[in-house]
Every structure is written in structure tokens, then in C-alpha cells.
Amino acid sequence: QYLAAIMWITVAYLALRFTFTNHVRYMLSSRHIPYKSFGMAANVLFTLAVLAFVLCLMIPPTVSVWFHTLPFIGYIIGRYLIILALCLEVWSSLPVGTRVFCYVYGFISAALPIIYLSEYAYYEQYQEKSPWPWYVTFVLDYAWFACLALTSKLVPYHTVIRRRFDLDES
């Protein structure tokens, strides 16, 4: 678990670098960006989720399922909102496949937290697993991971952020 937390540093750095650069893009853009406030709020939420996610790796479910899972839920929701904000900027010109992806990814990102929290609440009340079929959660879990892999192919290309560095040696 501690090795995973150390490895998370790289993922967190890249995610935070993205949210910072994306936030700067929102601030510096001279053109009208649809849903700009939503995108900026998604940046903040995702940043907080990335920072809190290390708790998921440091607190085992045997200590607290709630404090183990809540950071992961924040990450699921925050990451989806970032992707949705990028897509909403150019929604009218998105290919149908990307729109379908946004709907499917959104459904999964909403369903998983509801299932997790419902399962934990049921167990706390009845001290047994709920009647909810485990295989539905299994399929949604792996579908969420598939969405992670597909995101880089389906995020609009014109929202890619480029940064240029200049060296002044005077």
C-alpha cells in the first residue's frame, strides 16, 4: 500500500499539472469558452480529489471502508467533470461517438459511487452483503477503467494544451 502511495506522486503531479495549465487556459483565453465557470469548478474539484486520493492508498478498508473509498469516489466524479467540461466547450461539433462516450462515462461515474455508498450503508445496518448482484458492480468497475483508457482518444483535440518555453540569456 505504501509503494502505491509513492507511485501515486507521479500520477498526482501529472494530474495537477494538467488542472493548473487548464485553469491558466481558461484565464488567458480571449475567446468565449462555453461553460467556463463549470470547467474552472471542475478543475478545483479534481485538484482536491487528486490530493485526497492518497488516503485511499494509505487507509486500508479494514481500518475504514468509508475513508478508504470516499477519496476514490471524489476522483471518479472529479475526473468525469473535467472530461465533461472539455467536451461541453465544443459539444455541437463533437462526433456522435464522443457524445455517446460522455453519456456512458457519466452514467458509470454516477452509478459507481451510488453503488459503493449503498453497499456500505446496507452492510453497516444489516451486517451482511446486500442483495445487489456483485457482477453488476464488477462490470461497471471494469467499464470505468475502460473509459479511462478511451478518454485520451475521445477528448476533443482542439482542447489540447500546448506550452512553449523561451530562454532569455541576456
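This report describes the overall fold of a predicted model and then turns to one of its helices.

The protein contains 6 helices and 0 strands, and along the sequence these elements follow the pattern α-α-α-α-α-α. Taken along the principal axes, the box filled by the C-alpha atoms is roughly 65 × 40 × 25 Å. Among contacts in the protein with a separation of 6 or more, 72% are accounted for by residues 24 or more positions apart.

The table collects values for the whole protein.

| Property of the protein | Value |
|---|---|
| Share of the 170 residues that count as buried | 37% |
| Exposed area | about 10,800 Å² |
| Part of the exposed area supplied by carbon and sulfur atoms | 70% |
| Positive side chains | 11 side chains |
| Negative side chains | 8 side chains |
| Distance between the centres of the two charge sets | 12 Å |

Helix 2 can be followed in greater detail. This helix covers residues 36-52, and because each residue should contribute 1.5 Å, its 17 residues are expected to span 24 Å, a value that agrees with the 24 Å between its end C-alpha atoms.

Which residues of helix 2 are buried? They are Gly39, Met40, Ala42, Asn43, Phe46, Ala49 and Val50. An α-helix has 3.6 residues a turn, so residues three or four places apart point the same way. The cover over the buried residues of helix 2 includes helix 1 (2-28), helix 3 (54-58) and helix 4 (65-88).

Conventions. Residues are numbered from 1 along each chain as its sequence is written. This is a predicted model: local features need pLDDT of at least 70, side-chain atom pairs count only at pLDDT 80 or more; totals for chains, interfaces and linings use all residues. Side-chain values use heavy atoms; hydrogens and water are left out. Helices (H or I, at least four residues) and strands (E, at least two) are DSSP runs, numbered from the N terminus. Buried means under 20% relative accessible area, exposed over 50%, partly exposed in between (1.4 Å probe, protein chains only). Contact means heavy atoms within 4.5 Å. Accessible areas come from the Shrake-Rupley method with a 1.4 Å probe; for residues, only the protein chains shown count as cover. Lys and Arg count as positive and Asp and Glu as negative; His and the chain ends are not counted. The place of a charge is taken as NZ of Lys, CZ of Arg, CG of Asp or CD of Glu. The expected span of a helix is 1.5 Å times one less than its number of residues.
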